[in-house]
Amino acid sequence: MSGIGMHKFSTDNKSIWKPDLAICPYCGDESCEADFCDVGVGLVQCGPYHCESCGAIEIGAYDKKVELSAEEEEFGWYKPNRPYEGCANNINGVLIDHKLAKKMYDVGLIKQNG
Ligand SMILES: [Zn+2]
């Protein structure tokens, strides 16, 4: 799945094997990463971009519709530390990476989304 974020990118790798880093629309951190999955012919985004500096998270294209602030609508990112209600991999609202998610999925702790 991919997100609907309106962020700019801080890198311009132009490579399907080397995803660009996004710039956080809230705090300007230039090293926001997303989870990417290897689909054989390249990497596709399989999780939202998220900012480790302030906790903002890109809104997913298939997230449950929630009420957004004007800022969130404009950026396409949830504001920092908003209780996470998206469909990305999360456990009790805490975002986890796709490797851990896969593990939890394998043992039946979470369901596949999207
Ligand atoms: Zn940030």
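**From the N-terminal segment to the core**

Leaving aside residues within four places of it in sequence, S2 is in contact with Q45 and A61. The model in which this is seen is a predicted one, and S2 itself belongs to the segment before β1. S2 counts as partly exposed because 16 other C-beta atoms lie within 10 Å of its own, a number that falls short of the 20 required for a buried residue. Its C-alpha atom is also 9.8 Å from that of D35, although 33 residues separate S2 and D35 in sequence.

G3, which is likewise found in the segment before β1, has 24 C-beta neighbours inside 10 Å and therefore counts as buried. When neighbours up to four places away in sequence are left aside, the contacts of G3 are P48, Y49, E58, I59, G60, A61 and G76. For one of these partners, E58, the C-alpha to C-alpha distance to G3 is 6.1 Å, across a sequence separation of 55 residues.

P48, which appears among the contacts of G3, sits in the loop between β2 (43-45) and β3 (57-58). With 30 other C-beta atoms within 10 Å, P48 is buried, and its C-alpha atom lies 8.6 Å from that of G5, a residue 43 positions away along the chain. G5 is in turn touched by F75, which also touches M6 and P25 once residues up to four places away in sequence are not counted.

F75 leads on to the core of the model, since F75 is one of the 12 residues of the largest nonpolar core. The other members of this core are A22, C24, C32, A34, Y49, C51, A56, I57, I59, W77 and Y78. Two of them, Y49 and I59, have already been met as contacts of G3, while W77 and Y78 are in contact with E72, as is K79, leaving aside the neighbours of E72 within four places in sequence. E72 is placed in helix α1, residues 70-75, and it is partly exposed because 18 other C-beta atoms lie within 10 Å, where a buried residue would need 20 or more. The C-alpha atoms of E72 and P25 are separated by 9.6 Å, with their positions 47 residues apart along the chain.

What is the burial state of K14, which has a positive phi of about 50 degrees although it is not a glycine? K14 is found in the segment before β1 (36-38), and it counts as exposed because it has 7 C-beta neighbours inside 10 Å, under a criterion that calls a residue exposed at 12 or fewer.

Turning to the chain as a whole, there are 2 helices and 6 strands, and their order along the sequence follows the pattern β-β-β-α-β-β-β-α. Of the 114 residues in the chain, 24% are buried. Among the contacts with a separation of 6 or more, 48% are between residues 24 or more positions apart; one example of a contact across such a separation is that between G3 and E58, which are 55 residues apart in sequence.

How far each part of this picture can be read depends on the confidence of the prediction. The average pLDDT of the chain is 83, and 74% of the residues score at least 70. Confidence is highest in α1, at 95, the helix in which E72 is placed, whereas strand β5 (residues 90-91) has the lowest confidence, with a mean of 56. Where pLDDT is low, the predicted coordinates should not be read in detail.

Key
Residues numbered from 1 in each chain as written. Predicted model: local features only at pLDDT ≥ 70, side-chain atom pairs only at ≥ 80, totals over all residues. Core = buried A, V, L, I, M, F, W, Y, C linked by C-beta atoms within 7 Å. Contact = placed C-beta atoms within 7 Å. Helix = DSSP H or I, 4+ residues; strand = E, 2+ residues; numbered from the N terminus. pLDDT = per-residue confidence, 0-100.
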